[in-house]
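Here's a quick briefing on how this chain is put together, with an eye on domain contacts and charged pairs. Have a look at the model first, then we'll walk through it.

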Amino acid sequence: MTDDTPTETDADDPGVETERRPDGGTATGADDVTLDPWGSSTIADYRKLFEEFGIEEFDSVLEEVPNPHYLMRRGVIFGHRDYRPVAEALRSGDPVAVLSGFMPTGDPHIGHKLVFDEIIWHQEQGADAYGLIADLEAHSARGLTWSEIDEHARDYLLSLLALGFDPDEGTLYRQSGNREVQDLAFELGSKARFAEFEGIYGFDGETSVSHMQSVVTQMADILYPQIEEPKPTVIPVGPDQDPHVRLARDLAARMRFFKITEAYFSQELTAAERVLVADAHASLVDRADDGDVRCVHGAQYLVDPDAVDFDADRPSVDDRAVGEIDDPARASAVEKLRNAGMEPLRPRIRFLSRDASDDAFEALVERVDGEKRRYDEHVDAFDLSRAEAEELAREVEVDTGGYGFYPPSSIYHRFMTGLTGGKMSSSIPASHISLLDDPDNGYAKVKSATTGGRDTAEEQRQKGGEADKCPVYELYAYLLSGDDDDFAKEVYDECVGGERLCGDCKEQAAVLMREFLEDHQEKREEAEALLADLDLDLDSPRRRVAGETTD
Ligand code: TRP
Ligand code: SF4
């Protein structure tokens with residue numbers, strides 16, 4: 001693991017292209033981005049996350065989300081992986097879940113509130129909601145003692161409840177106290193290899209086994225909502241957690257009995273070969289009598305589209321021309337097609353067995369509707385759509401004792417800038433506002449925050465403030481405006497238009513912050529009763545071991 005992950009954004013670098021949005025945050029070009037779940041949590045360049053890591057822009061699904069949360073509308077939630085199935089389930093009322101976890105390493109602060117709000121919003125939209133305390137991770141990766149963990153765990157749970165999490169409808173747990181999660185972690189561990197942990201997390205010979213165990217535990221957390229019944233599940237997190245999400249998606253796939261592919265003949269194709277063969281098929285099907293295309297015709301087509309001979313009794317492929325193909329995918333596709341000879345070339349959906357039991361395979365073959373062809377390790381269906389095939393594979397898997405996991409989805413929010421500039425960090429009290437801060441202290445922290453203001457009031461009136469670089473504006477956009485987009489926009493417009501000066505602006509924000517903290521802390525007290533009713537042990541009965549500090 002690296003602790004020297006690139007961090008700060010150089011927003012003033014004129015050579016750097018900067019994307020600004022009027023509604024919170026900036027995306028600035030800078031150095032390399034690495035995602036390290038146990039490293040520093042700032043992101044120098046959000047765009048790189050799209051280009052290099054394949055995270056998709058949240059804006060691309062926003063329209064599909066029913067009554068989107070303000071964090072979604074304002075671009076604070078900026079990215080996602082595979083959120084569509086979740087949005088669709090929210091719209092249609094189908095089963096869907098949300099889950100996130102918190103390492104109880106310090107006080108919950110306004111950065112955590114973003115995630116609490118995301119969980120609660122999904123719960124209000126009808127999702128099964130889960131919040132967990134990552135106590136095993138805090139103990140093994142951060143070295144916290146059990147009594148520290150117990151105290152912080154309470155605080156996270158109280159804030160989550162105070163903000164509106166409904167414990168009757170949802171589930172709260174600690175990793176250490178959830179036997180089902182531990183059992184699932186063990187199963188998932190059998191699908192993960194140490195070499196992957198080295199590659200993904202930089203683990204090495206010095207990494208403790210408990211730390212590795214906390215990783216498979218997180219994998220189990222992420223899939224836990226699907227343990228009774230598979231369903232789309234979203235994991236709202238910061239982008240530093242993306243490596244975990246990707247691994248969980250891989251492991252979910254490795255647990256599946258069947259893999260579904262689109263095929264054209266008995267041979268399995270690579271993605272690149274498939275594109276070529278699909279094109280050959282599409283072009284030839286109209287040219288052949290009754291659409292009767294054979295593999296060898298496909299091979300001829302890929303060598304030379306004009307050299308296809310439907311009339312020959314024994315069509316052949318010109319060896320010399322094959323030798324001249326440069327593109328390896330084309331060459332290998334031709335090879336496979338020519339070996340298959342007079343086998344029909346026809347599109348089909350293929351169910352490949354990933355070591356499924358005989359029972360499961362038989363059940364699947366039995367239940368494929370319409371024309372089908374069975375092989376040793378796979379069955380081809382000619383009358384099913386891909387979506388129908390996915391559904392059938394999942395049903396058969398569940399009916400024959402498997403999990404049938406959906407790959408988990410994720411959404412990513414921007415990290416908040418610290419009130420002192422730089423990053424918001426739990427270890428720098430002035431940089432963040434804890435949900436437990438005395439309201440007057442919260443007021444004072446906002447009053448002394450850095451701003452995007454100009455040197456003099458006069459300059460500010462002339463040029464306007466720089467709301468996009470202003471941590472105080474972020475407070476308005478991420479928290480203080482709540483659902484009121486007009487108010488957030490008004491602050492922004494007044495700031496950049498020079499009508500708003502920082503003194504008054506901070507005063508207004510500080511007052512709102514004090515009110516928020518007063519209200520939140522009152523609700524935390526009310527939530528004590530809810531917490532007491534939960535079946536959740538907040539006194540770890542564990543003993544100390546050598547090397548732990550007393551506390
Ligand atoms: N690793 C997360 C963190 O550092 C905590 C966590 C544990 C988690 N299990 C999870 C987050 C499952 C999301 C989903 O904060
Ligand atoms: Fe920030 Fe407000 Fe000053 Fe604008 S006026 S720079 S939003 S403190």
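A salt bridge here is a side-chain nitrogen of Lys or Arg within 4 Å of a carboxyl oxygen of Asp or Glu. Lys 463 and Glu 459 fit that, since their closest N and O atoms are 3.0 Å apart. Keep in mind that this is a predicted model. A search through the whole structure turns up 40 salt bridges, and a handful of them get a closer look below.

**Domain layout**

- The domain assignment splits the chain into domain 1 (18-257 + 408-413), domain 2 (260-399) and domain 3 (429-533).
- Domain 1 and domain 3 have their C-alpha centres 26 Å apart.
- Their contact draws on 28 residues from domain 1 and 28 residues from domain 3.

**Where domain 1 meets domain 3**

- About 2500 Å² is buried between domain 1 and domain 3, with carbon and sulfur atoms giving 62% of that area.
- On the domain 1 side, Arg 74, Ile 110 and Leu 158 lose the most area to domain 3, and together they make up 24% of what that side buries.
- There's a good bit of polar bookkeeping too: five salt bridges run between domain 1 and domain 3, and 13 residue pairs are in polar contact, both partners at pLDDT 80 or more.
- Helix H3 (70-73), helix H5 (110-124) and helix H7 (146-162) each put at least two residues into the side of domain 1 that touches domain 3.
- H7 gives the most to that side, with seven residues.
- Sorted by class, the side of domain 1 that touches domain 3 has 14 nonpolar, five polar and nine charged residues.

**Arg 73 and its two partners**

- Which residues does Arg 73 bridge to? One is Asp 483, with the closest N and O atoms 3.1 Å apart, and another is Asp 485, at 2.7 Å from N to O.
- Arg 73 sits in helix H3 and Asp 485 in helix H21 (residues 485-496), so this pair ties together parts that are 412 residues apart in sequence.
- Arg 73 is partly exposed at 29% relative accessibility, and Asp 485 is also partly exposed, with a relative accessible area of 29%.

**Helix H17: a bridge and a buried acid**

- Glu 395 and Arg 367 join their side chains in a salt bridge, 2.9 Å from N to O.
- Glu 395 belongs to helix H17 and Arg 367 to helix H16 (residues 358-367), so the bridge links parts 28 residues apart in sequence.
- Glu 395 counts as partly exposed at 34% relative accessible area, and Arg 367 does as well at 31%.
- Glu 397 is in helix H17 (residues 386-399) too. Is Glu 397 buried or exposed? Glu 397 has a relative accessible area of 1%, so it counts as buried.
- Leaving out residues up to four places away in sequence, Glu 397 touches Met 255, Arg 256, Phe 257, Phe 258, Gly 402, Tyr 403 and Gly 404.

**Local pair and a network**

- Lys 463 and Glu 459, the pair we started with, both lie in helix H19 (residues 457-463), four residues apart, or about one turn of the helix.
- Lys 463 is partly exposed, with a relative accessible area of 49%, and Glu 459 is partly exposed at 21%.
- Glu 268, Arg 274, Arg 348, Arg 350 and Asp 380 are joined in a network of salt bridges.

Notes: Residues numbered from 1 in each chain as written. Chains lettered and ligands numbered in written order. Predicted model: local features only at pLDDT ≥ 70, side-chain atom pairs only at ≥ 80, totals over all residues. Heavy atoms only, no water. Domains from an automatic or database assignment. Contact = heavy atoms within 4.5 Å. Buried area = accessible area lost by both parts, 1.4 Å probe. Polar contact = N/O pair within 3.5 Å; in protein donor to acceptor, adjacent residues only side chain to side chain. Nonpolar A, V, L, I, M, F, W, Y, C, P; charged D, E, K, R; others polar. Buried < 20%, exposed > 50% of the residue type's maximum accessible area, 1.4 Å probe, protein only.
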